[in-house]
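Welcome, and thanks for taking a look at this one. Here is a short tour, arranged by topic so that you can follow along in your viewer.

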Amino acid sequence: MSSTLETLRLDFGGDIIEASAAQYESARRSVLHSGSPAYVLRPTSAEDVQTGVRFTAGAGLSLSVRGGGHSFAGFGTNDGGVVIDLSRLANVQIIDKERHLVRIGGGATWGQVAAALAPHGLAISSGDTKSVGVGGLTLTGGIGWQVRKYGLALDNVVAADVVTANGEILRASAADNPELFWAIRGGGGNFGIVTAFDFRAHPTTDVFFGKVAFPASEAATVLQGWADYLRTAPDELTSTVAFANPFAGGPEAPVEIYIAFDGDDPQLAARAIDPIRRLGTVTDDDVALKPYADTLEDGAIPPPGIQFVPRSAFVDRRSVPEVLRILAEIRASQRSPFIVVRSVGGAVSRVPADATAYAHRQAELMVVTTIAGPQPVVEAARPGLDAILERLAPHVNGAYANFLGSATAEDVAAIYPAQTYQRLATVKRRYDPGNLFAGNHNVRPW
Ligand SMILES: Cc1cc2nc3c(=O)[nH]c(=O)nc-3n(C[C@H](O)[C@H](O)[C@H](O)COP(=O)(O)OP(=O)(O)OC[C@H]3O[C@@H](n4cnc5c(N)ncnc54)[C@H](O)[C@@H]3O)c2cc1C
């Protein structure tokens, strides 16, 4: 191993951070998890990534890849292994002005992307938070504020440069290594390290954004009305509803409908948003015109020791009324988790099912339930959450990998239906037969 380490020190152009280094304390942790890796490598080029991958494989160490570091399941760090932290690969460059093609480093955050594209009147539908990484969010989905108009973040990827397990750099696109291209759009970090993504961005003006709030007592009718309306609403309207927020009163917390209308015409916006305002007694309405980049939140870093445990599931059209009825009931109890329901129809459902490895195209809604707090609080809340999930189970399906706080075999089966998993495993056998990239919702090569 020492000769391999010598080669690393010689060839690696970025930072090699070991336990003795001053930066180690911050480098060893991702946003939501702490670890004690032997080495944190911060590459500055694709070649550095190749060197880091070859070192890790040669040394037989476990590998974690870190983009923006926001994985709820803690994929961005480990104990005793190597972390390849891509944060210095964060360049955002417009490579084709006419076609709005943008090359983005594999370690960029969505805040960096939004800020770089805003002066060009462009945006990429991503998520709701600036500090979330392009890599983690995109490789398994990407449900953002333009999702109903432009689809998932991964639907807008046209090519990627991938360092595979043997340290090779491969281009993945419809023309080059198409099966790898299929797999990285939904299959997470299983197939290699993406050093650069080529995205199709979209012209974006200022947008109408904000929340319309209703009293908790009107939850049942507001939720049903919201879901019904979204079936006929224009794709320019993307919306999410949040309720039972423990920091805003739990069972008494208002039902908050967040709205992003992609366009700056006040009349069109009012026509799209007013049906939501008519769903009940509006207690707050702060929808206003703002630059798209300002719709993204900064993203707070919780103090060490605070755990976030999200679970997610999808809802098909026929189950929407029953799921919303159950959620409205649950939110009234003291034991309710924080509940967020996101709209995912529109453009997401118009992409053919086998075009990417994201397997939940037909869902109308995605439900995320989150419990948070110090470990004893989370453990105490777990049985209540399990009971709620059991109640929902007959009416929901699958799971969204990006909103899962765990990575069990059941989780993997929920993310990837059998057919998708088999196809991913075939790609895995080809590009990562030794399962070097195992710190993820793992697709096994064997
Ligand atoms: C505050 C917050 C808000 C969020 N909001 C949204 C939202 O609005 N919409 C949404 O869809 N999701 C959202 N998420 C979920 C988010 O998409 C996931 O947590 C995602 O994994 C974060 O990506 P990351 O790069 O920051 O994470 P990391 O922990 O850095 O990465 C997670 C894993 O992704 C893989 N990975 C990351 N980058 C690369 C790369 N370049 N090459 C290969 N593999 C890579 C690796 O396996 C890595 O371990 C949110 C999460 C948080 C914490």
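Ile-104 touches Asn-91, Val-92, Val-113, Ile-124, Val-134, Thr-195, Ala-196, Phe-197 and Phe-199, once neighbours within four places in sequence are set aside. Please keep in mind that this is a predicted model. Ile-104 is also one of the residues that touch the most other members of the largest nonpolar core, which has 50 residues.

**The nonpolar cores**

- Alongside Ile-104, the residues with the most contacts to other members of the largest core are Trp-110, Val-113, Leu-180 and Ile-184.
- Helix H7, residues 178-184, gives the most to this core, with five residues.
- There is also a second, separate core of 40 residues, and among its members are Val-222, Phe-243, Ala-272 and Val-323.

**Helix H10 and its partners**

- Which residues of helix H10 (residues 320-330) are buried? They are Val-320, Val-323, Leu-324, Ile-326, Leu-327, Ala-328 and Ile-330.
- An α-helix has 3.6 residues a turn, so residues three or four places apart point the same way.
- The buried residues of H10 pack against two helices, H8 (219-230) and H11 (375-392), and against strands E13 (237-243), E17 (306-315), E18 (338-343) and E19 (365-374).
- Strand E18 is home to Val-340, which counts as buried because its relative accessible area is 16%, under the 20% cut-off.
- Beyond four places in sequence, Val-340 is in contact with Thr-240, Val-241 and Ala-242, and also with Met-366, Val-367 and Val-368.
- The C-alpha atoms of Val-340 and Ser-312 are separated by 9.5 Å, with the two residues 28 apart along the chain.

**The ligand and its shell**

- The ligand is surrounded by 31 residues, and the closest are Val-65, Gly-67, Gly-69, Gly-133 and Tyr-400.
- Backbone N or O atoms approach oxygen atoms of the ligand at several places: the distance is 2.6 Å for Gly-69, 2.8 Å for Gly-133 and 3.5 Å for Phe-75.
- On its own the ligand has 960 Å² of accessible area, and the protein covers 93% of that.
- Strand E3 (63-66), helix H5 (134-140) and strand E10 (193-200) each supply at least two residues of the shell, and H5 gives the most, with four.
- What classes of residue make up the shell around the ligand? The shell has 16 polar, 12 nonpolar and three charged residues.

**Asp-155, a buried acidic side chain**

- Asp-155 sits in the loop between helix H6 (147-150) and strand E8 (157-163).
- Is Asp-155 buried or exposed? Asp-155 counts as buried because its relative accessibility is 14%, under the 20% cut-off.
- Its side chain reaches the backbone nitrogen of Leu-152 at 2.9 Å.
- Leaving out residues up to four places away in sequence, Asp-155 touches Tyr-150, Arg-200, Val-351, Thr-356 and Arg-361.

**Positive phi outside glycine**

- Asn-177 has a phi near 45 degrees, a positive value in a residue other than glycine.
- Asn-177 lies in the loop between strand E9 (169-173) and H7, and is partly exposed, with a relative accessible area of 24%.
- Ala-244 likewise has a positive phi, near 60 degrees, and is placed in the loop between E13 and strand E14 (255-261).
- With a relative accessible area of 2%, Ala-244 is buried.

Conventions:
Residues are numbered from 1 along each chain as its sequence is written. This is a predicted model: local features need pLDDT of at least 70, side-chain atom pairs count only at pLDDT 80 or more; totals for chains, interfaces and linings use all residues. Side-chain values use heavy atoms; hydrogens and water are left out. A residue is near a molecule or strand if one of its heavy atoms lies within 4 Å of it. A polar contact is a pair of N or O atoms within 3.5 Å; within protein, one must be able to donate a hydrogen and the other to accept it, and residues adjacent in sequence count only if both atoms are side-chain atoms. Accessible areas come from the Shrake-Rupley method with a 1.4 Å probe; for residues, only the protein chains shown count as cover. Ala, Val, Leu, Ile, Met, Phe, Trp, Tyr, Cys and Pro count as nonpolar, Asp, Glu, Lys and Arg as charged, and the others, Gly among them, as polar. Buried means under 20% relative accessible area, exposed over 50%, partly exposed in between (1.4 Å probe, protein chains only). Contact means heavy atoms within 4.5 Å. A nonpolar core is a set of buried Ala, Val, Leu, Ile, Met, Phe, Trp, Tyr and Cys residues joined through side-chain atoms within 4.5 Å.
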